[in-house]
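Subject: Structure for you, with notes

Hello,

Here is the structure I promised to pass on. Please open it first, then read my notes below.

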Amino acid sequence: MGRKEHPLVSYYQKNQNFAELMDGWLFHGEGCVSPDQITNQDRRFLAKSGRKGYRERYRDLYKKVEGVTLHLLISVEHQQHVHYAMPVRMMDYDSIAYMTQQAEIADRHEAAGDLTGDERLSGFSKEDRLLPIISLVLYCGAEPWDGAKSLYELLEFGRVPEVLRGYIADYPLHILDVCHTADERLMEFPTDVCAIFLFIKYKNDPENLMKSLSKIREVRRSTCDAIADYVGERRLKYVRKTEEGGKVKMCKAIDLLIADGEKRGIKIGEKRGIEIGTARERKNTEKERRRAEMAEARVRELERMLNR
């Protein structure tokens, strides 16, 4: 996990936000996951490898969700760059998580001394069961995910007879490619999670951002902070401070970002026109001036739409 993902990881560490993410992803926003069903789990996994070696892994988020249809240990891996061996990486994470569960069960049996025969040798009884693990790769990169989405896509089958392929286990990935998922699907997520996704998707496209957020009236202040930190729009912090209560109006936030950002670009262009002296640089400055004028026209149109 890199520093770029820190705002999202911090945001989804809160059970309310995590519940909304899982509800939108697993249940299309039907309200099947609530914060009181979630408990935090240790994100650090340590598994013994050989006689003296150990394998250590950290998950971005690792929580237990109860009371749905299964007991689930759900992990979210944040990525902004494609990892082309992701199926193997996720297999490793999940296998260590299962090994950790198995080791905990074995420790309980050893303390209780309640196993005999083969069960005692394996540290696992016939009735013991592991909690299923579901892993999500939350991909927020600008380029579409073009890496493998299953282990099969990484395997060289050229010399493998067709009759043998059924004996080779596959391992599919669950990937949410935020910037290349249809708006209709993102709108199925609860409001605050949806707002974050749309800001990430359209951070460089203010017109489509405004259109996509037209149905979102307000978000929580913590959501506004997460958007500001992840997208890099610190001006949203100012909007948050000017609002009363625990909500931030999206129309005011969008208005500030569009008008202030575009007009600031115009001033920069004008300043460069004064300071820059060479013919080539003047030519570049003239292009910037024309772009700035077009931007100002867009600002006026957007403000007109916002004030309808």
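Is Y167 buried or exposed? Y167 counts as exposed, because its relative accessibility is 73% and the threshold for exposed is over 50%. Before going on, please keep in mind that this is a predicted model.

**The surface around Y167**

Y167 sits in the loop between α5 (162-165) and β7 (175-177). Together with V163 and L164, Y167 makes a nonpolar patch on the surface. The accessible area of the three adds up to about 390 Å².

Helix α5 also holds a salt bridge. R165 pairs with E162 there, at 3.7 Å from N to O. The two residues are three apart in helix α5, so about one helical turn separates them. How covered are they? E162 is exposed, with a relative accessible area of 61%. R165 is partly exposed, at 27%.

**The R220 network**

Now to R220. You will find R220 in strand β8 (residues 218-220). R220 counts as buried because its relative accessibility is 13%, and the limit for buried is under 20%.

Which residues are linked with R220 in a network of salt bridges? They are E20 and D192. Take the two pairs in turn.

- R220 and E20: the closest N and O atoms are 3.1 Å apart. This pair links distant parts of the chain, with R220 in strand β8 and E20 in helix α2 (residues 15-27), 200 residues apart. E20 counts as buried too, at 15% relative accessibility.
- R220 and D192: here the closest N and O atoms are 3.4 Å apart. R220 lies in strand β8 and D192 in helix α7, so the pair ties together parts that are 28 residues apart in sequence. Both R220 and D192 are buried.

The general point is simple: side chains of opposite charge can pair when their charged atoms come close.

R220 has a further partner. Its side chain makes a polar contact of 2.7 Å with the side chain of N17.

For the whole structure, the search finds five salt bridges. The pairs described above are among them.

**Helix α7**

D192 leads on to its helix. How many of the 11 residues of helix α7 (residues 191-201) are buried? Nine are, so the helix is largely enclosed by the rest of the structure. The buried residues are D192, V193, C194, A195, I196, F197, L198, F199 and I200.

C194 deserves a second look. C194 counts as buried, at 1% relative accessibility. C224 is buried as well, with a relative accessible area of 1%. As for disulfides, a search of the whole structure finds zero.

**Strands**

Two pairings are worth viewing.

First, β6 with β7. These strands pair in the parallel sense, over three bridges. V137 stands opposite I175 in β7. Strand β6 (residues 133-139) is mostly covered, with six of its seven residues buried.

Second, β1 with β4. In which sense do strand β1 (residues 38-40) and β4 pair? They pair in the antiparallel sense, again over three bridges. I38 has V65 in β4 as its bridge partner. Strand β4 (residues 61-65) has four of its five residues buried, so the strand is largely enclosed by the rest of the structure.

**Toward the start of the chain**

One last item. K4 lies in the segment before α1 (6-13). K4 is partly exposed, with a relative accessible area of 29%. How far apart in space are K4 and D229, C-alpha to C-alpha? The distance is 9.1 Å, although 225 residues separate the two in sequence.

**Where to look**

If time is short, I would start with these views:

- the network of salt bridges that links E20, D192 and R220;
- helix α7, with nine of its 11 residues buried;
- the nonpolar surface patch of V163, L164 and Y167;
- the parallel pairing of β6 and β7.

Best wishes

How values were computed: Residues are numbered from 1 along each chain as its sequence is written. This is a predicted model: local features need pLDDT of at least 70, side-chain atom pairs count only at pLDDT 80 or more; totals for chains, interfaces and linings use all residues. Side-chain values use heavy atoms; hydrogens and water are left out. A disulfide is a pair of cysteine sulfur atoms within 2.5 Å. Buried means under 20% relative accessible area, exposed over 50%, partly exposed in between (1.4 Å probe, protein chains only). Patches are made of residues with over 30% relative accessible area and no salt bridge: like charges are joined within 9 Å, nonpolar side chains (Val, Leu, Ile, Met, Phe, Trp, Tyr) within 5 Å. Accessible areas come from the Shrake-Rupley method with a 1.4 Å probe; for residues, only the protein chains shown count as cover. A salt bridge is a side-chain nitrogen of Lys or Arg within 4 Å of a carboxyl oxygen of Asp or Glu. Two strands pair if DSSP finds at least two bridges between them. A polar contact is a pair of N or O atoms within 3.5 Å; within protein, one must be able to donate a hydrogen and the other to accept it, and residues adjacent in sequence count only if both atoms are side-chain atoms.
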